[in-house]
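Open the model in your viewer and keep the selection panel at hand. We will go from one selection to the next.

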Amino acid sequence: MKSFINVNDIGPLEKAMAEAFEIKNDRFKYQHLGKNKTLMMIFFNNSLRTRLSTQKAAMNLGMNVIVLDVNAGAWKLETERGVIMDGDKSEHLLEAIPVMGCYCDMIGVRSFAGLTDREYDYAETVLNQFIKYSGKPVFAMETATVHPLQAFADLITIEEYKTVERPKVVLTWAPHCRALPQAVPNSFAQWMNAADVDFVITHPEGYELDPKFVGNARVEYDQKKAFEGADFIYAKNWSNPGVTNLADYGKITSKDMSWTVDTEHMSWTNNGKFMHCLPVRRGLIVTDDVIESKNSIVIPEAANREISCSVVIKRMLEAL
């Protein structure tokens with residue numbers, strides 16, 4: 001595996017899931033694979049779970065790890081071609097990337113959407129430059145449009161906690177005070193479509209995700225109807241994807257607090273489990289009583305980030 005961005009990159013899900021549980025039973029089984037190998041983790045944006053889980057996974061596999069915070073510990077990087085660099089950006093990404101590649105065997109990149117230019121964001125401009133110019137295997141640690149390590153961990157968690165063979169999984173939009181990217185819901189939708197689940201997406205009208213991620217999911221604008229009989233509720237805010245109106249891209253076009261997941265919402269489900277990628281804004285996305293309930297599995301979900309990343313790095317090490 002030379003790159004990891006989308007669900008198709010992981011190959012057959014059944015095999016990937018089997019590897020995940022194998023690694024969960026023995027996290028150091030493949031430590032020999034990473035001996036004398038170096039992972040470089042590059043952060044253009046803040047991180048907690050991704051930083052910690054990815055570094056832990058790499059260390060479990062015997063790797064050395066270099067962490068670079070671009071905005072705090074390096075020169076400011078220009079990403080556009082054809083510009084006159086007379087501002088505060090001292091180095092171009094096109095020189096920085098191959099230099100980074102000289103010092104490692106594998107690269108993880110975290111670079112969020114700017115939410116001002118949909119074409120630029122959805123072209124995955126920054127990530128694709130790393131793939132093209134680094135000369136190393138590259139995996140996404142959340143990009144402008146996807147967060148596959150999170151979605152893989154979500155699927156592992158659902159497999160662990162499901163009580164029926166084919167559970168009903170609902171991705172629900174919830175309000176937020178800031179404009180957030182669509183990366184998490186995009187990847188969650190993509191991975192749920194690839195899995196054997198009954199998948200429903202619910203959100204206010206106008207918040208439609210890109211069709212290439214929605215796939216065959218059922219879209220339901222009535223949140224209560226969507227929640228009925230659900231085994232898992234995955235709450236997540238996203239800013240307007242600009243699918244129905246490009247001018248709305250990256251904007252907050254709804255603050256409807258009736259979409260906040262509370263006890264009443266969860267009562268509509270089939271004793272459903274509550275999921276969220278974290279960090280979560282309590283009182284906006286979810287109420288305290290729901291996220292602190294026995295049906296909240298946000299912590300095991302976060303813990304599985306180490307496992308999903310371990311599988312990905314293992315696959316990449318095997319391909320070196």
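Is Val 99 buried, partly exposed or exposed? Select Val 99 and show its surface. Val 99 is partly exposed, because its relative accessible area is 37% and buried would need under 20%. Bear in mind that this is a predicted model.

**Stop 1: the surface patch.** Add Ile 66 and Tyr 103 to the selection. Together with Val 99 they make up a nonpolar patch on the surface. The accessible area of the three is about 280 Å².

**Stop 2: helix α4.** Val 99 belongs to helix α4, so now select residues 93–102. Which residues of α4 are buried? They are Leu 93, Leu 94, Ala 96, Ile 97, Met 100 and Gly 101. These buried residues sit on the same side of α4, because they span an arc of only 160° around the axis. An α-helix has 3.6 residues a turn, so residues three or four places apart point the same way.

**Stop 3: the cover.** Show what lies over the buried residues of α4. The cover includes strands β2 (38–43), β3 (64–69), β4 (77–78), β5 (91–92) and β6 (106–110). Helix α6 (125–133) is also part of it.

**Stop 4: the largest nonpolar core.** This core has 56 residues. Select Phe 139, Phe 152, Trp 191, Phe 199 and Ile 313, which touch the most other members. Then select helix α13 (residues 298–319), which gives the core its largest share, 7 residues.

Centre on Phe 152. Leaving aside residues up to four places away in sequence, Phe 152 touches Ile 10, Ala 16, Met 17, Ala 20, Trp 191, Ser 308, Val 311 and Val 312.

**Last stop: another core.** Apart from the largest core lies one of 25 residues. Select Leu 77, Leu 93, Tyr 122 and Phe 213, which are among its members.

Key: Residues are numbered from 1 along each chain as its sequence is written. This is a predicted model: local features need pLDDT of at least 70, side-chain atom pairs count only at pLDDT 80 or more; totals for chains, interfaces and linings use all residues. Side-chain values use heavy atoms; hydrogens and water are left out. A nonpolar core is a set of buried Ala, Val, Leu, Ile, Met, Phe, Trp, Tyr and Cys residues joined through side-chain atoms within 4.5 Å. Buried means under 20% relative accessible area, exposed over 50%, partly exposed in between (1.4 Å probe, protein chains only). Helices (H or I, at least four residues) and strands (E, at least two) are DSSP runs, numbered from the N terminus. Contact means heavy atoms within 4.5 Å. The arc is that of the directions from the helix axis to the C-beta atoms. Patches are made of residues with over 30% relative accessible area and no salt bridge: like charges are joined within 9 Å, nonpolar side chains (Val, Leu, Ile, Met, Phe, Trp, Tyr) within 5 Å. Accessible areas come from the Shrake-Rupley method with a 1.4 Å probe; for residues, only the protein chains shown count as cover. A salt bridge is a side-chain nitrogen of Lys or Arg within 4 Å of a carboxyl oxygen of Asp or Glu.
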